[in-house]
Amino acid sequence: GLADVGGMSGTGISQGAVTSFGSVFVNGVEWDLTSSTTIEIDGAPAIESDLRLGMVVRITGDLAPTGTPSTAIDIVFDDAIEGPIENDPVALSPDGLEKSFSVLGTRIIMNEETTAFDGGASFAGLRADDVVEVGGLIDDIGVVRATRIRLVGVFPANLDAELRGLVSDLGKNPDGSGDFSIGTILVHYVASTDFSDLTRDSLANGSFIEAKGMLRMTGDELDADEIELEIQGLGSGSIDDAEIEGFVSDFFSIGDFKVSGTPVDASAPGVVFDPPGFDLTITDGARV
C-alpha cells in the first residue's frame with residue numbers, strides 16, 4: 001500500500017484487481033452492488049455474476065468511511081490483451097512460481113500464487129498457440145503482470161484478438177480505410193470498422209486505443225472490427241477520493257511519479273506510508 005485511506009468519503013473511484021466477493025473488494029475497500037449498479041465488461045453490459053477474481057476494474061461510486069461498505073455506481077472491466085501465446089511459458093526463477101510468455105508482442109508474467117485462472121487455463125498447462133484473455137497491471141517497462149488469465153481457444157481455430165496501446169505509423173486512405181502499428185502488430189481498418197469515442201478523423205499517432213478483431217494467419221496483423229479510444233489512468237471529472245493499484249513509473253521524486261499512468265504527488269506533510277519509511281525506497285517498478 002502507499003497511503004492511508006481511512007476516513008475517505010464522498011464521490012470515489014477505485015482501480016485495481018478484484019480480490020474477493022460477497023460484495024466486491026478492490027484495494028481493501030468493500031463495494032456493495034445495488035439494482036442500479038451498471039457493470040460493463042469489454043464494452044458490453046454485464047451482471048454481477050460475470051465478475052471474476054483478478055479482473056482489474058475501475059469502480060465509481062459513493063465512497064463510505066472506513067469500515068462501512070461503499071456503494072458502487074459503475075464497474076468497468078477491460079482485459080489488457082487477448083490473443084495466442086507465442087511461446088511455451090518459461091520459468092523465471094528457480095522456485096518456478098513465475099513464468100513468462102508473449103501475446104501479440106507483449107510480454108506477460110504470471111504467478112502461480114497470485115494470478116487467477118479461468119476457462120480451463122492453468123499455471124502448469126498453458127502452451128504456445130493457446131488463445132488467452134489476460135487482465136493485469138502494466139509495470140514500468142510495459143510488461144503485463146497478470147492478475148487473471150482465461151483460456152478462450154486455440155490458434156488458428158480461434159483468431160479473436162484484442163490489443164491496447166499507442167498508435168504509430170498511421171496511414172489513412174481516402175476510402176475510410178487505413179492501417180497503423182501498436183508495438184509489433186500491424187492493425188488494418190476498413191470503411192465498416194466501428195469507431196467508439198473517437199472518429200477516423202481524430203485517430204492520430206499517439207492515440208491510446210483498443211483494437212478488436214481477427215488475427216491474420218501470420219499472427220502479427222490484425223483486421224479490426226472495432227477501434228475504441230481508451231481512458232488512461234482514472235479518467236477525468238471531479239472525484240472527492242480516489243485510489244489506484246499499480247506499478248510506479250517515471251519516478252523523479254516522491255512528489256513526482258506515476259502509478260498506472262496516473263500522476264502522483266505524495267510529498268505533502270502527513271502522508272502515511274505502509275510500511276513506515278517506504279517513501280525512501282519507492283522507485284520505478286515498485287508495486288503500490
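How many aromatic pairs does the count come to? The answer, 3 aromatic pairs, opens the notes below.

1. Basis. This is a predicted model, in which local features need pLDDT of at least 70 and side-chain atom pairs count only at pLDDT 80 or more, while totals for chains, interfaces and linings use all residues. Residues are numbered from 1 along each chain as its sequence is written, and side-chain values use heavy atoms, with hydrogens and water left out.

2. Aromatic pairs. Rings of Phe, Tyr and Trp (its six-membered ring) are taken to pair if their centres lie within 6.5 Å; planes under 30 degrees apart are called stacked, over 60 edge-to-face, and the rest tilted. The rule yields 3 aromatic pairs. Among them is the tilted pair of phenylalanine 180 and tyrosine 189, at 6.2 Å centre to centre with 40° between the planes. Tyrosine 189 also pairs with phenylalanine 195: the centres are 5.5 Å apart and the planes stand at 80°, so this pair is edge-to-face. Phe180, Tyr189 and Phe195 are thus linked by ring pairs into a cluster.

3. Burial of the cluster. Buried here means under 20% relative accessible area, exposed over 50%, and partly exposed in between (1.4 Å probe, protein chains only). Phenylalanine 180 is buried at 0%, tyrosine 189 is buried at 3%, and phenylalanine 195 is buried at 14%.

4. A charge over a ring. The charged end of lysine 99 sits over the ring of phenylalanine 123, at 4.8 Å from the ring centre. The criterion is that NZ of Lys or CZ of Arg is within 6 Å of the ring centre and within 35 degrees of the ring normal.

5. Strand S10 and its partners. Strands (E, at least two residues) and helices (H or I, at least four) are DSSP runs numbered from the N terminus, and two strands pair if DSSP finds at least two bridges between them. Strand S10 (residues 106–111) is mostly covered, with 5 of its 6 residues buried. Strand S9 (residues 98–103) runs antiparallel to S10 and is joined to it by 6 bridges; one bridge partnership is that of valine 103 with threonine 106 in S10. S9 and S10 form a hairpin with 2 residues between them, and leucine 104 in the turn has a positive phi of about 50°. S10 also runs parallel to S13, with 2 bridges joining them. Here isoleucine 109 stands opposite arginine 145 in S13.

6. A sheet of 3 strands. S22, S23 and S24 make an open sheet in the order S22-S23-S24, with antiparallel pairing. Its edge strands are S22 (248–253) and S24 (262–264), each pairing on one side only. From one strand to the next the twist averages 25°, where axes are lines fitted to C-alpha atoms (for helices over the stretch in contact) and angles run from 0 to 180 degrees between N-to-C directions. Strand S23 (residues 256–259) pairs with S24 in the antiparallel sense over 3 bridges. Phenylalanine 257 stands opposite valine 264 in S24.

7. Backbone points to check. Most residues other than glycine have a negative phi, and most peptide bonds are trans. Asparagine 27, not a glycine, has a positive phi of about 55°. Asparagine 27 is in the loop between strand S2 (24–26) and strand S3 (29–41), and is partly exposed with a relative accessible area of 26%. Aspartate 169 also has a positive phi, near 55°; this residue is in strand S15 (residues 168–172) and counts as exposed at 60% relative accessibility.

8. Cis peptide bonds. Phenylalanine 155 and proline 156 are joined by a cis peptide bond with omega of about 5°. Proline 156 lies in the loop between strand S13 (144–154) and S14. The bond from aspartate 274 to proline 275 is cis as well, with omega near 0°, and proline 275 is in the segment after S24.

9. Largest pocket. A pocket is an open set of points on a 1 Å grid over the protein atoms alone, where a 1.4 Å probe fits, with protein on both sides within 12 Å along at least five of seven lines; lining residues have an atom within 4 Å of a point. The largest pocket has a volume of about 1200 Å³, volume being the space filled by probe spheres set on the points, with grid points joined across faces, edges and corners. Its lining has 42 residues, of which Ile138, Arg164, Phe208, Ile231 and Ser260 lie nearest the centre. Elements giving two or more residues to this lining include strand S5 (56–63), strand S12 (130–138) and strand S14 (160–166).
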